[in-house]
Amino acid sequence: MRASQSASRISRVALALALLTIVAAGCKPAALPDAASPDAQLYVSRCGNCHAPYNPHEMTAAMWDTQVTMMEVKIQAAGMPALTSDERESILEYLKRNAGTE
Ligand code: HEC
């Protein structure tokens, strides 16, 4: 009897942990690819301050071209420093390398 009581306590704890994990995963945006790479960090620092950084998988390479151009307008309108051509290139390269296909 004691053994089965502690077993059910353990499974309740396991269930609670599993639920917590699901809730936490649901709230957190999917991790960015190569999150520790300098390109990803540049992307987060330049493209993650007005909104959370979008996952590169969410758009195709062609869409990223357009999107970055549109965001440069927003960056300028917000009075933020414009992307340098190096930054633009690294960010686009990072987005395209990890872009979705549709
Ligand atoms: C100055 C603030 C600002 C910065 C910096 C910024 N964005 Fe945005 N972004 C916005 C706003 C505001 C929207 C909401 C959509 C709109 O108004 O067009 C948006 C929307 C988006 C969307 C969603 C568009 C859609 O059609 O769903 C993507 C993707 C995006 N931004 C990517 C980027 C990328 C990539 C960068 C870096 C080059 C960036 N953003 C930097 C303000 C910003």
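I take a residue to be near a molecule or strand if one of its heavy atoms lies within 4 Å of it. On that basis I looked up the ligand and noted that 15 residues surround it, the closest being C47, C50, H51, M71 and K74.

Before going further I note that this is a predicted model, in which local features need pLDDT of at least 70 and side-chain atom pairs count only at pLDDT 80 or more, while totals for chains, interfaces and linings use all residues. Residues are numbered from 1 along each chain as its sequence is written, and side-chain values use heavy atoms, with hydrogens and water left out.

**Ligand contacts.** I checked for polar contacts (pairs of N or O atoms within 3.5 Å; within protein, one must be able to donate a hydrogen and the other to accept it, and residues adjacent in sequence count only if both atoms are side-chain atoms). An N or O atom in the side chain of H51 is 2.8 Å from a nitrogen atom of the ligand, and an oxygen atom of the ligand lies 3.1 Å from a polar side-chain atom of K74.

**Fold.** I listed helices (H or I, at least four residues) and strands (E, at least two) as DSSP runs numbered from the N terminus, and found four helices and zero strands. Of the 102 residues, 25% count as buried, where buried means under 20% relative accessible area, exposed over 50% and partly exposed in between (1.4 Å probe, protein chains only).

**Core.** I then turned to the largest nonpolar core (buried Ala, Val, Leu, Ile, Met, Phe, Trp, Tyr and Cys residues joined through side-chain atoms within 4.5 Å). This core has 15 residues, and those with the most contacts inside it are Y43, W64, V68, L83, I91, Y94 and L95. At least two of its residues come from each of α2 (38–47), α3 (61–77) and α4 (85–97). Counting contacts as heavy atoms within 4.5 Å, and leaving aside neighbours within four places in sequence, I found W64 touching Y43, Y54, N55, P56, M59, L92, L95 and A99.

**Loops.** I located P81 in the loop between α3 and α4, and P81 counts as exposed because its relative accessibility is 59%. Apart from neighbours within four places in sequence, P81 is in contact with R46 and I75; the C-alpha atoms of P81 and R46 are separated by 9.5 Å, although their positions lie 35 residues apart along the chain.

I placed D34 in the loop between α1 (2–27) and α2, where its phi is near 45°, a positive value in a residue other than glycine. D34 is partly exposed, because its relative accessible area is 45%.
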